[in-house]
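Subject: The structure, and what turned up in it

Hi there,

Here is the structure I promised to pass on. Please have it open while you read, and my notes follow right below it.

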Amino acid sequence: MTSAPDYISPIIGCRLWQWEGAGLRSLNGEPWRPGEPLEARCRLSEFAHWRPHRTNLRPHDAPHLKCTCGIYASKSLEHLRRPGYQRSLIYGQVLLWGTIVEHQRGWRAQYAYPKSFLLPPEVLPVALKEIETRLETLISYGRDIFVLHDGARWPLWKKGGGMDTLGLDYLSDRARRWYTQRNQRSGIRQGDRIAVAGEGIAVVDQIDGTYIRAKLGNKTMLRIARNEVSWKKENLRWETEASAYDEADGNK
Ligand SMILES: [Zn+2]
């Protein structure tokens, strides 16, 4: 990537991005591309000659002191709007360089590139294997990624180091809590897997009153008393003891 010129130390600001399948965008929809700095353009001055009575600004490079153009960043995370209600909004630190206009709570800059990403856990899927896939677009920016929870930052991915166990541990705890809550609420369902001691994994085919019919990999159909199946949060799965089942009549 083109980095900040050596003779200017970039300023580090904070900001929000929309993080969707294709990558990052500013809240106004401007795409941020991996490996290349975003350069500010002034939309107002582009259209100034169409409506000269509405602005006394001539076309200019962004940011202009008397305009509102430039790439925005805040001086602290606290000054940013809370993302809460939007699942795709993430925080981060951003490097700013080139022409910079300073305001009380932030800056407008000519050039910017992400410095790090801070993810509220809600933007990530629950299952760990889906998390890595979801992170791919963000990893392509080559910046450290953290999970943000209760003011703590858990490193999740580091440039040169890959996925970080601290962040993954935090997320697997979160997954455990999520599955436990879900399963306490709704109980076992068709299609769920049950680890049957000494037999292997069976898939729930049918739930019939107090019994569950579940099929093993070798097609054997088992009949298991529903109250003998329990959710083991340490293993993130349904389990039952070998003594709890009979082979069901006939195989499907
Ligand atoms: Zn402008």
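Thr180 counts as buried, because its relative accessibility is 14% and the cut-off for buried is under 20%. This residue belongs to helix H3. Apart from its neighbours within four places in sequence, Thr180 is in contact with Trp231 and Lys233. Please keep in mind throughout that this is a predicted model.

Helix H3 (165–186) also feeds the largest nonpolar core, as one of the elements that each supply at least two residues to it. That core has 35 residues, and Leu119 and Leu124 touch the most other members. Helix H2 (128–139) contributes at least two residues too, and so do strands E1 (11–20), E5 (71–74), E6 (89–102), E7 (106–119), E8 (144–149) and E9 (152–158). The largest share is that of E7, with 6 residues. As a general point, nonpolar side chains tend to be buried together in soluble globular proteins.

If you want a place to start looking in this core, try Leu124. Which residues does Leu124 contact, leaving aside its neighbours within four places in sequence? They are Trp19, Leu119, Ile131, Leu135, Val147, Leu156, Leu171 and Arg174. There is also a second, separate core of 17 residues, with Ala127, Ala175, Leu222 and Ile224 among them.

Next, the loop between helix H1 (43–46) and E5, which is where Cys69 sits. Is Cys69 buried or exposed? With a relative accessibility of 6%, Cys69 counts as buried. Its contacts beyond four places in sequence are Arg41, Cys42, His60, Ala62, Pro63, His64 and Arg108. Arg41 is 28 residues away from Cys69 along the chain, yet their C-alpha atoms are 7.1 Å apart.

Pro63, one of those contacts of Cys69, is in the loop between H1 and E5 as well. The peptide bond leading into Pro63 from Ala62 is cis, and its omega is near -5 degrees. For context, most peptide bonds are trans, and most residues other than glycine have a negative phi.

Two residues are worth a look for their phi values:

- Asp150 is not a glycine, but has a positive phi of about 50 degrees. You will find Asp150 in the loop between E8 and E9, and it counts as exposed because its relative accessibility is 73%.
- Lys219, also a residue other than glycine, has a positive phi near 80 degrees. Lys219 is in the loop between strand E13 (211–216) and strand E14 (221–225), and its relative accessibility of 53% makes it exposed.

Finally, the largest pocket. The space in it comes to about 610 Å³. Its lining is made up of 29 residues, and those nearest the centre are Arg15, Asn28, Gly70, Ile71 and Tyr72. Strand E5 gives the largest share of the lining, 4 residues. E1, strand E4 (38–39), H1, E5 and E7 are the elements that each supply at least two lining residues. By type, the lining divides into 14 nonpolar, 8 polar and 7 charged residues.

One thread to follow on screen is E5: this strand supplies residues to the largest nonpolar core and also to the lining of the largest pocket. E1 and E7 likewise appear in both the core and the pocket lining.

Happy browsing, and best wishes!

Note on methods: Residues numbered from 1 in each chain as written. Predicted model: local features only at pLDDT ≥ 70, side-chain atom pairs only at ≥ 80, totals over all residues. Heavy atoms only, no water. Core = buried A, V, L, I, M, F, W, Y, C linked by side-chain atoms within 4.5 Å. Buried < 20%, exposed > 50% of the residue type's maximum accessible area, 1.4 Å probe, protein only. Contact = heavy atoms within 4.5 Å. 1 Å grid on protein atoms, 1.4 Å probe; cavity = no way out; pocket = protein on both sides within 12 Å on 5 of 7 lines; lining within 4 Å. Points joined across faces, edges and corners; volume = space filled by probe spheres on them. Nonpolar A, V, L, I, M, F, W, Y, C, P; charged D, E, K, R; others polar.
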